[in-house]
Amino acid sequence: MALKLYNTMGRKIEEFKSIRDGYVGFYGCGPTVYNYAHIGNLRAYVFLDTLDRTLTFLGYDKKHVMNITDVGHLTGDSDDGDDKMVKTAEEKHQSVMEIAQFYTDAFFRDIDRLNIIRPDVVCKATDHIQEMIDLIKKIEANGHTYMAGGNLYFDVSTYKNYGDLANLNLDELKEGAGRRKEVVIDENKKNPQDFVLWFTKSKFENQALTWDSPWGRGYPGWHIECSAMSMKYLGKHFDIHTGGIDHVPVHHTNEIAQSEGSFSEEDRKQGPWVNYWLHNEFLVLQGATKMSKSSGNFLTLQSLIDKGYDALDYRFFLLGAHYRKQILFSWDAMDGAKKSREALAGRIAKLADKSHVLKKASEKKYGKGQAADTTGMSEKACEYMGKFKDALENDLLAPVALSMIQKVVKDNAIENPEKIELVSRMDTVIGLKLLETAASVLEAEEKSASVNPHEGDPEAAEIDALVAERTQAKKNKDFARADQIRDELSARGITIVDTPTGPTWKRA
Ligand code: AMP
Ligand code: ZN
């Protein structure tokens, strides 16, 4: 089988062919850093990580580029609302740059905790204003722009394929039928879908960041950064562009119009700007409407951790669904993911006699294509590896790939050392740190068999009972009682430590 991907452009599964043999250039829209990423946002990056890891597994060289939006993103995708960065900076009495740095650091902390491989290039919008200006000049020279009310707009009527990605019909939209609710009336716009490339007449008198440009001092519209930075790092034509499905009708539609609107006749002959558009479906909260950073109605990874989950429980939960299926978040589902991940790690722990065997296997590194190479493996192992690879090649079916690991571990027809080898290779894509976790399970067992850390502590029995009561309270979802016990112990200088074999405690 060859890699097949669902292309939003054309809405069908296609065989993937890279522009350059054996090399894939791809760009994923990164975070707007005015608040913490919510767990829905993080779904987009776990999906992108599955793509990144799969490409390496399948033997490709790759370049993964991600932007950090630290300027120009208004609360509405269509140039309406407040400036997200400026609004937070004002609320927190900090500079926009301080806000951006704080939430960028927080974002990467979450990325690391989810064991997401960092992109090869991370680029900040504010570091690429000149590239944006240069691109806008080309778009202007090609006759796609007009000035109105002090801002430079992209005129969508001049770009004949506008809306292909989202199957938008401009004529219908003009008549008002099916008009998207976020397309608000801007008196300056000739067409409702026109969008700002460069703002000079800021609605915000105290706009913190502005730059000189041929159109006056101002700042870029939101969409232009992705076109300018992706082309800078990946060239005028690249393989894959990703984002959440909310980006289809406005952000990515506009990115295409302006990128291809900047093309020369010769560029156009070389093919489209992007060949494959991949979009992840949303994570939704039970009973709630949309999870949204700007409304403040959202859950962060830290809030899951505070409730006693490991970040990898959330990764396990996400991998249980295909990226194109909507997922409903619930605490029950998180409990299920936690249990399954721990059970899997527990089973893997039983594959070795000593933790250092698993630890060593967990440290093995695989270059491109090496983890998938089954040379010298048993027939049964090859069969599993074949199914694992097929699942990934079938539009990145992570849930099926994950289930292969679970089957391998349970299959008595495979010897333990080979099972460990298979888990190590498959986890290069699944990214759950399975061997590392299993090693710590075994290590904890080894330790508890040899010493009692609380021997001679007169309060040990009482503290053990409180820790057990807290575990039960958490199981009963009585988080108030659980937190109360944690605080009480903390006041006595005792910290509860969550381990894969259950909670234990230590004195400060
Ligand atoms: P933002 O930081 O708002 O620009 O969004 C970062 C990424 O998260 C984008 O690719 C969005 O499409 C994606 N996204 C936003 N909300 C969700 C959600 N609830 N579920 C999955 N992806 C989302
Ligand atoms: Zn983008």
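**Figure 1. Ligand 1 and its polar contacts in the predicted model.** A polar side-chain atom of Asn-41 is placed 3.1 Å from an oxygen atom of ligand 1. Gly-244 comes to 3.0 Å from an oxygen atom of the ligand through a backbone N or O atom. For Asn-280, a polar side-chain atom is 3.3 Å from a nitrogen atom of ligand 1. In total, 17 residues surround ligand 1. The closest are Gly-40, Gly-244, Asp-246, Leu-283 and Lys-293, so Gly-244 appears both in this list and among the polar contacts described above.

**Figure 2. Coordination of the zinc ion (ligand 2).** Four residues supply the donor atoms: Cys-29 and Cys-226 through SG, His-251 through NE2, and Glu-255 through OE. Their distances to the zinc ion are 2.1 to 2.4 Å. The angles among the four donor atoms run from 74 to 130 degrees, and the site is irregular. A tetrahedral assignment would need all angles between 85 and 135 degrees. Along the sequence, the spacing of the donor residues is C-x196-C-x24-H-x3-E. Cys-226 belongs to helix 6 (residues 224–234) and His-251 to helix 7 (residues 248–261); this pair, 25 residues apart, links distant parts of the chain. Cys-226 is buried, at a relative accessible area of 1%. His-251 is likewise buried, with a value of 1%.

**Figure 3. Helix 3 and the elements packed against it.** Helix 3 covers residues 96–113, 18 residues in all. From its first C-alpha to its last it reaches 26 Å, close to the 26 Å expected at 1.5 Å a residue. Its buried residues are Val-96, Ile-99, Ala-100, Tyr-103, Thr-104, Ala-106, Phe-107, Phe-108, Asp-110 and Ile-111. An α-helix has 3.6 residues a turn, so residues three or four places apart point the same way. The buried residues pack against three helices and two strands: helix 1 (39–57), helix 2 (84–92) and helix 9 (301–306), together with strand 4 (61–68) and strand 5 (121–124). Just after the helix, Asn-115 has a positive phi of about 55 degrees.

**Figure 4. Surroundings of Gly-150.** Gly-150 sits in the loop that joins strand 6 (145–148) to strand 7 (151–154). Its relative accessibility is 18%, and because buried means under 20%, Gly-150 counts as buried. Leaving aside residues up to four places away in sequence, Gly-150 touches Thr-200 and Lys-201. Gly-216 is 66 residues from Gly-150 in sequence, yet the two C-alpha atoms are 8.4 Å apart in space.

Technical notes. Residues numbered from 1 in each chain as written. Chains lettered and ligands numbered in written order. Predicted model: local features only at pLDDT ≥ 70, side-chain atom pairs only at ≥ 80, totals over all residues. Heavy atoms only, no water. Helix = DSSP H or I, 4+ residues; strand = E, 2+ residues; numbered from the N terminus. Expected span 1.5 Å × (residues − 1). Buried < 20%, exposed > 50% of the residue type's maximum accessible area, 1.4 Å probe, protein only. Contact = heavy atoms within 4.5 Å. Donors = N, O, S within 2.8 Å, 3.2 Å for Na, K, Ca; no water. Tetrahedral: all angles 85-135°; square planar, octahedral: opposite > 155°, others 65-115°. Near = heavy atom within 4 Å. Polar contact = N/O pair within 3.5 Å; in protein donor to acceptor, adjacent residues only side chain to side chain.
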